[in-house]
Amino acid sequence: DLWAQGADLVAGVDEVGRGPLAGPVVAAAVLLPPRCHFPWLTHVRDSKVLSAARRQELTHRIRKDAVAIGLGSVPHDLVDAVGIVEATRRAMLAALAELSDAPEFVLIDALSLPRCSLPQRPIIHGDGLSLSIACASIVAKVARDQLMLEADTRFSGYGFARNKGYATREHLDALARLGPCPIH
């Protein structure tokens with residue numbers, strides 16, 4: 001509806017990493033071309049319902065066809081210091097700041113960004129209702145998963161390659177056995 005109202009550069013913003021016990025919060029901002037109809041858009045969904053392979057494939061397509069993509073990350077220690085909501089907002093603001101083109105409007109999954117001067121609309125379950133937010137969800141998930149794969153090589157024994165830092169039985173057992181590592 002924003003494209004129909006004349007706002008051509010609409011950024012979708014979403015984050016991943018609000019629930020894990022380890023790792024950063026990562027946000028992405030995606031600017032799709034106005035009124036685009038890429039065939040791959042029919043496969044775009046909230047990143048949580050897509051397979052890892054589908055997320056990888058879609059991230060490649062999004063990176064190829066988007067007007068601009070921005071990523072922002074807040075490390076675990078800052079999450080602990082400022083809280084998860086503030087850390088999420090900071091990651092989202094960082095993602096918006098990384099866009100090579102300034103959006104005219106921002107659609108955000110669930111949160112508002114009081115420190116963002118751009119017109120914006122928080123949308124509850126936005127990753128299921130807005131293609132640009134869903135694209136941001138996918139790009140952020142792939143970026144964070146890659147960070148957790150790298151963490152798995154540095155901090156063996158926690159299963160980060162599989163659990164991505166979330167509270168799985170394997171991860172909780174590893175924490176009981178090994179104690180926290182530097183990214184918990």
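**Exercise 1. The surroundings of Asp-8**

Task: State which residues Asp-8 touches, leaving aside residues up to four places away in sequence, and describe where Asp-8 is found.

Solution. Step 1. Asp-8 is in contact with Trp-3, Leu-32, Pro-34, Arg-35 and Glu-104, when residues up to four places away in sequence are not counted. The model from which this is taken is a predicted one.

Step 2. Asp-8 belongs to the segment before β1.

Step 3. The relative accessibility of Asp-8 is 28%. Buried means under 20% and exposed means over 50%, so Asp-8 counts as partly exposed.

Step 4. Asp-8 may also be placed relative to Arg-18. The two are ten residues apart in sequence, and their C-alpha atoms are 30 Å apart in space.

**Exercise 2. A salt bridge between two parts of the chain**

Task: Determine which side chain meets that of Asp-8 in a salt bridge, and explain what the pair ties together.

Solution. Step 1. Among the residues that Asp-8 touches is Arg-35. The side chains of Arg-35 and Asp-8 form a salt bridge, with 2.9 Å from N to O. The cut-off for a salt bridge is 4 Å.

Step 2. Arg-35 is located in the loop between β2 (25-31) and α1 (52-65), whereas Asp-8 is located in the segment before β1 (10-16); the pair therefore ties together parts that are 27 residues apart in sequence.

Step 3. Arg-35 has a relative accessible area of 46% and is partly exposed. Asp-8, at 28%, is partly exposed as well.

**Exercise 3. Further salt bridges**

Task: How many salt bridges does the structure hold? Describe the pairs Arg-115 with Glu-86 and Arg-162 with Glu-170.

Solution. Step 1. There are eleven salt bridges in the structure.

Step 2. One of these joins the side chains of Arg-115 and Glu-86, at 2.8 Å from N to O. Because Arg-115 lies in the loop between β4 (105-109) and β5 (120-123), and Glu-86 in helix α3 (residues 84-97), the pair ties together parts that are 29 residues apart in sequence.

Step 3. Arg-115 is exposed, at a relative accessible area of 55%, and Glu-86 is partly exposed, at 21%.

Step 4. The side chains of Arg-162 and Glu-170 also form a salt bridge, at 2.3 Å from N to O. Here Arg-162 is exposed, with 60% relative accessibility, and Glu-170 is partly exposed, with a relative accessible area of 32%.

Step 5. In addition, a network of salt bridges links Asp-46, Lys-48 and Asp-127.

**Exercise 4. The order of the sheet**

Task: In what order do the five strands form the open sheet, and which are the edge strands?

Solution. Step 1. The order is β3-β2-β1-β4-β5, and the pairing is mixed.

Step 2. The edge strands are β3 (68-74) and β5, each of which pairs on one side only.

Step 3. On average, neighbouring strands of this sheet are turned by 20° against each other, direction ignored.

Step 4. Consider next the partners of β2. Strands β2 and β3 run antiparallel and are joined by seven bridges; Val-30 stands opposite Ile-69 of β3, and Leu-31 has Ala-68 of β3 as its bridge partner. Strands β1 and β2 are likewise antiparallel, paired over six bridges, and Val-16 has Val-26 of β2 as its bridge partner.

Step 5. Helix α3 lies across β1, β2, β3 and β4, and runs at about 150° to β3.

**Exercise 5. The two faces of β2**

Task: Are the residues on the two faces of β2 buried or exposed?

Solution. Step 1. In a regular strand, side chains alternate between the two faces of the sheet.

Step 2. On one side of β2 are Val-25, Ala-27, Ala-29 and Leu-31, and on the other are Val-26, Ala-28 and Val-30. All of these are buried, and both faces are covered.

Step 3. Since seven of the seven residues of β2 are buried, β2 is largely enclosed by the rest of the structure.

**Exercise 6. The largest pocket**

Task: Which residues line the largest pocket, and which elements give two or more of them?

Solution. Step 1. The largest pocket contains about 260 Å³ of space.

Step 2. Its lining consists of Asp-1, Leu-2, Trp-3, Val-10, Leu-32, Leu-107, Arg-121, Ile-123, Leu-129, Ser-130, Leu-131 and Ser-132.

Step 3. The elements giving two or more residues to this lining are β5 and α5 (131-154).

Step 4. Trp-3 and Leu-32, which belong to this lining, are also among the residues that Asp-8 touches.

Terms used:
Residues numbered from 1 in each chain as written. Predicted model: local features only at pLDDT ≥ 70, side-chain atom pairs only at ≥ 80, totals over all residues. Heavy atoms only, no water. Buried < 20%, exposed > 50% of the residue type's maximum accessible area, 1.4 Å probe, protein only. Pairing = 2+ DSSP bridges. Axes fitted to C-alpha atoms, helices over the stretch in contact; angles between N-to-C directions. Contact = heavy atoms within 4.5 Å. 1 Å grid on protein atoms, 1.4 Å probe; cavity = no way out; pocket = protein on both sides within 12 Å on 5 of 7 lines; lining within 4 Å. Points joined across faces, edges and corners; volume = space filled by probe spheres on them.
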